[in-house]
Amino acid sequence: MAGLKNIAVSVSSFVRNWAKVDIKSVQLHELEESVRALGEPVYHAKQIAEWLYKKRAASFDEMTDLARKLRLQLAEQFSFGKIDVVRVLGAQDTTRKFLFRLSDEALIESVLIPASPALYGMRSDRRTVCVSTQVGCAYGCKFCASGLEGFSRSLQPNEIIDQILAIEREAGDKMDNIVFMGMGEPLANFDNVMRAIRIINARWGLSIGARHITVSTSGLAPQIRRLAEESLQIRLAVSLHGASDQVRNQIMPINRRYNIETLLSACDYYALRKKQHLTFEYILIEGVNNSDEQARLLARHARRVKAKVNLIPYNTVRGLPWTRPSQDRQEKFLSILRAHGIATTLRREKGHDIDAACGQLRLQTKNVGQDSGVLLS
Ligand code: SF4
């Protein structure tokens with residue numbers, strides 16, 4: 001079709017690079033380009049966005065105020081991905097974990113935290129969704145369930161957005177906070193994550209404020225610097241989990257590529273550019289990273305980059321040898337940080353252990369009926 005050929009050369013490079021882009025991976029200005037190339041009035045693009053993000057249409061057929069011809073043309077150009085809920089774990093009024101099946105049968109998990117504790121400076125009475133950004137994870141942190149079965153692929157922007165839409169549909173409620181801490185390393189899927197964030201943040205999209213969006217990373221220093229150049233004021237959480245290279249090397253292979261000094265220097269840059277406090281996530285693992293010395297070193301790093309610290313007692317993962325420290329040990333670690341003037345929280349509620357880090361959700365490909373046991377065990 002001549003019209004479609006024109007579209008192919010007129011839309012952005014993102015759209016050009018894909019044989020058939022999902023409609024929920026496209027930004028409004030790109031949609032406008034496409035509609036214009038079809039010879040249709042540009043205002044149809046806003047109507048389409050409204051169908052997607054306000055009226056929550058599940059197909060082009062549902063967009064009944066668009067002419068049938070235009071709907072058919074859209075279906076020719078864009079795919080309309082779906083996400084199926086395979087299983088929901090957890091009670092209605094507490095943290096709920098969702099297992100989703102994507103169009104290619106890949107399985108991912110997301111978590112709904114209905115009334116979350118005060119997270120990353122966000123208000124405490126908000127509903128938070130923790131989304132996955134990859135199927136599995138290639139970074140292999142030793143305490144994390146996500147990396148256990150390897151890495152399959154990165155998610156497309158629409159697959160990130162669909163997690164939120166599906167959870168809002170299931171919960172019958174609008175979400176207020178989004179944290180990129182599910183399965184995968186978000187900054188290893190930088191372009192797709194940023195594209196999803198722009199759509200989540202846009203007024204014509206999900207309309208969630210940038211300050212209510214937190215991206216977590218295991219320490220990809222160059223991408224932290226790249227994130228600092230983005231105009232959106234999203235929040236950053238760094239999964240530190242070890243305060244010296246010796247300890248961090250033991251449990252986070254990424255530290256051999258970007259050691260603590262390299263990571264902290266990227267954090268300095270981020271804090272400076274964004275004029276924003278970041279958060280250090282720190283999972284307390286018995287006998288690994290919970291000594292007094294680690295607490296003092298952690299305090300020094302936090303003071304340097306003006307970071308808050310979020311301590312998370314380790315939650316057992318089936319198949320991994322680590323355990324959580326005693327309550328006394330956790331409190332001691334906390335008291336050292338506070339004595340050094342560091343704003344620190346210690347998660348005491350089990351269901352909120354999801355705040356732990358990027359990841360901790362397990363890639364499930366073999367046995368859907370088996371819970372990963374990470375969040376709600
Ligand atoms: S903690 Fe994050 S980066 Fe590390 S293996 Fe888990 S998901 Fe990957």
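**Questions on a buried strand residue, a helix pair and the cores**

Trainee: In which strand is Gln134 found?

Mentor: This is a predicted model, and in it the residue belongs to a strand that covers residues 134–136. Gln134 is therefore assigned to strand β7.

Trainee: Does Gln134 count as buried or exposed?

Mentor: Not counting residues up to four places away in sequence, Gln134 touches Ile108, Phe151, Arg153, Ser154, Leu155, Met183, Gly184, Glu185, Ala188 and Asn189. Buried means under 20% relative accessible area. Because its relative accessibility is 3%, Gln134 counts as buried.

Trainee: At what angle do helix α6 and helix α7 pack, and what does that make α6 to α7?

Mentor: Helix α6 (residues 157–171) and helix α7 (residues 190–201) have their axes 8 Å apart and pack at an angle of about 45°. An angle that is neither under 35 degrees, nor over 145, nor from 65 to 115 counts as oblique, which makes α6, at about 45°, to α7 oblique.

Trainee: How do the residues of the contact of α6 with α7 divide?

Mentor: From α6 the contact takes Pro157, Ile160, Ile161 and Ile164, and from α7 it takes Asn192, Val193, Arg195, Ala196, Ile199 and Ile200. These residues divide into one charged, one polar and eight nonpolar.

Trainee: Which helix gives the most to the largest nonpolar core?

Mentor: The largest nonpolar core has 108 residues, and those with the most contacts inside it are Phe143, Phe180, Ile234, Phe280, Leu298 and Leu311. With seven residues, the element that gives the most to this core is α7.

Note on methods:
Residues are numbered from 1 along each chain as its sequence is written. This is a predicted model: local features need pLDDT of at least 70, side-chain atom pairs count only at pLDDT 80 or more; totals for chains, interfaces and linings use all residues. Side-chain values use heavy atoms; hydrogens and water are left out. Axes are lines fitted to C-alpha atoms, for helices over the stretch in contact, and angles run from 0 to 180 degrees between N-to-C directions. Helices (H or I, at least four residues) and strands (E, at least two) are DSSP runs, numbered from the N terminus. Contact means heavy atoms within 4.5 Å. Ala, Val, Leu, Ile, Met, Phe, Trp, Tyr, Cys and Pro count as nonpolar, Asp, Glu, Lys and Arg as charged, and the others, Gly among them, as polar. A nonpolar core is a set of buried Ala, Val, Leu, Ile, Met, Phe, Trp, Tyr and Cys residues joined through side-chain atoms within 4.5 Å. Buried means under 20% relative accessible area, exposed over 50%, partly exposed in between (1.4 Å probe, protein chains only).
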